[in-house]
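Reader: Please take a close look at a single helix of this model, and then at the enclosed space elsewhere in the fold. I would like the cut-offs stated as you go.

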Amino acid sequence: MNQTPEQIARDHIDELLTASGWVIQDKKTFNLSAALGVAIREWQTDVGPADYVLFVDKKPVGIIEAKREEDGVKLTIHEEQSSDYAKAKLKHINNGPLPFVYESTGLVTRFTDYRDPKPRSRSVFTFHRPETFQKWVKEEKTLRARFADITELATDGLRDCQVEAITNLEQSFRENRPKALIQMATGSGKTFTAITFIYRLLKFAKAKRVLFLVDTKNLGEQAEQEFRKFLPQDDNRLFPELYGLTRLSSSFVPDDSQVYISTIQRLYSILKGTPLDEKDEEENPNEGNKWQPKEPLPVVYNEKIPMEFFDFVVIDECHRSIYNLWKQVLDYFDAFQIGLTATPDNRTFGYFNQNLVCDYGYQKAVEDGVLVPYNVFEIVTKVTQQGAKIELGEYVSSRE
């Protein structure tokens with residue numbers, strides 16, 4: 001009762017930190033051996049007290065600058081202040097600059113990794129886990145730095161549109177653009193293109209995990225078949241012999257694969273902690289009413305599949321699976337997003353920040369001989385002209 005906005009924000013931040021595996025302590029009674037990750041309030045620095053200092057393995061790795069809820073719309077203006085704390089000397093510790101920096105109201109949180117070649121803050125669902133920072137500090141390069149290690153694309157066996165899509169996408173990654181859209185006509189090889197750039201991200205950028213997201217079980221099965229028969233140009237082994245491949249069919253998510261295929265319905269149910277019948281994955285959820293509640297139920301943090309679980313999320317048929325209920329699934333993950341579609345609309349362009357890295361529509365595919373043009377024939381039948389009637393006693397199935 002009667003808490004100040006600052007105190008309310010810190011209560012929210014404490015809840016997020018605890019859920020993400022951090023132990024929170026006060027500076028007067030701290031114990032760095034209490035857990036792998038310890039967050040200490042009000043640790044003194046040579047530029048003043050930092051709201052939270054994050055320790056992993058008893059070593060300082062980051063800071064959190066706490067702000068009131070009303071500052072959520074302008075968190076970026078506080079980045080310089082946060083950076084000053086990260087560069088400051090901590091009392092009693094001989095530390096260098098701390099790489100991991102947050103600004104947070106407890107409801108809105110931004111994160112910057114100052115190890116990146118060109119550090120840039122990004123919005124995140126919550127705080128990264130201590131185990132994640134423990135792994136990251138041991139890396140020679142960050143993921144964004146490793147984009148420079150991706151070799152030039154060998155174009156043998158690839159269509160011009162596929163070369164364009166992959167080359168431009170990889171350049172988009174180097175520019176640290178969080179979302180990219182690939183428009184390719186149906187039949188021009190979208191899935192093959194996606195598997196090719198996923199393979200390159202795993203091999204050259206050392207991506208940890210990639211999610212291939214679909215909206216029907218059938219599309220997931222088709223994608224799995226394509227992955228299983230994919231043979232890279234620079235290796236004589238099939239994709240599953242090189243990297244772990246898992247199609248999610250239950251709430252269990254193994255952590256030892258590199259590529260995961262899932263329906264967005266399945267992932268939503270996992271993050272919500274609710275069961276899902278496989279029948280609910282059989283049709284595009286946007287075509288029915290079952291998945292359209294008046295107020296979408298929010299996803300919640302799941303320590304078994306934390307926000308940093310995937311480095312990349314590839315969204316198949318993204319023109320119908322990035323809005324309303326489903327958008328929050330995508331917002332949950334701290335990952336690059338790549339949309340695949342043959343028919344984007346203005347909302348699709350808007351969601352992907354107008355970053356269209358490949359524009360290969362139906363007409364262009366026909367001109368290139370990749371597709372053949374279609375002809376429309378109008379067929380007249382007795383039923384269409386005269387209608388039909390159901391005979392008494394004939395069984396008609398029903399569907400809710």
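Author: The buried residues of α2 are covered by surroundings that include the strands β2 (37-45), β3 (48-56), β4 (59-66), β5 (100-104) and β6 (109-113), with contact taken as heavy atoms within 4.5 Å. This is a predicted model, in which local features need pLDDT of at least 70 and side-chain atom pairs pLDDT 80 or more, while totals for chains, interfaces and linings use all residues. Numbering starts from 1 along each chain as its sequence is written, and side-chain values use heavy atoms, leaving out hydrogens and water.

Within α2, which spans residues 79-87, the buried positions are Glu79, Ser82, Ser83, Tyr85 and Ala86 (under 20% relative accessible area, 1.4 Å probe, protein chains only). These residues lie on the same side of α2 because they cover an arc of only 160° around the axis, taken from the directions from the axis to the C-beta atoms. On the face turned away from that buried side, α2 carries Glu80 and Lys87, which are exposed (over 50%).

As for enclosed space, the model has one cavity of 30 Å³ or more (points on a 1 Å grid where a 1.4 Å probe fits but cannot get out), and the volume of this largest cavity is about 70 Å³. Its lining has 13 residues, of which Lys217, Arg247, Leu248, Thr263 and Glu281 are the closest to the centre (lining means an atom within 4 Å of a point). Both α7 (217-228) and β11 (259-263) supply at least two lining residues each, and β11 gives the largest share, with three.

Definitions and conventions. On a 1 Å grid over the protein atoms alone, a cavity is a set of points where a 1.4 Å probe fits but cannot get out, and a pocket is an open set with protein on both sides within 12 Å along at least five of seven lines; lining residues have an atom within 4 Å of a point. Grid points are joined across faces, edges and corners, and a volume is the space filled by probe spheres set on the points. Helices (H or I, at least four residues) and strands (E, at least two) are DSSP runs, numbered from the N terminus.
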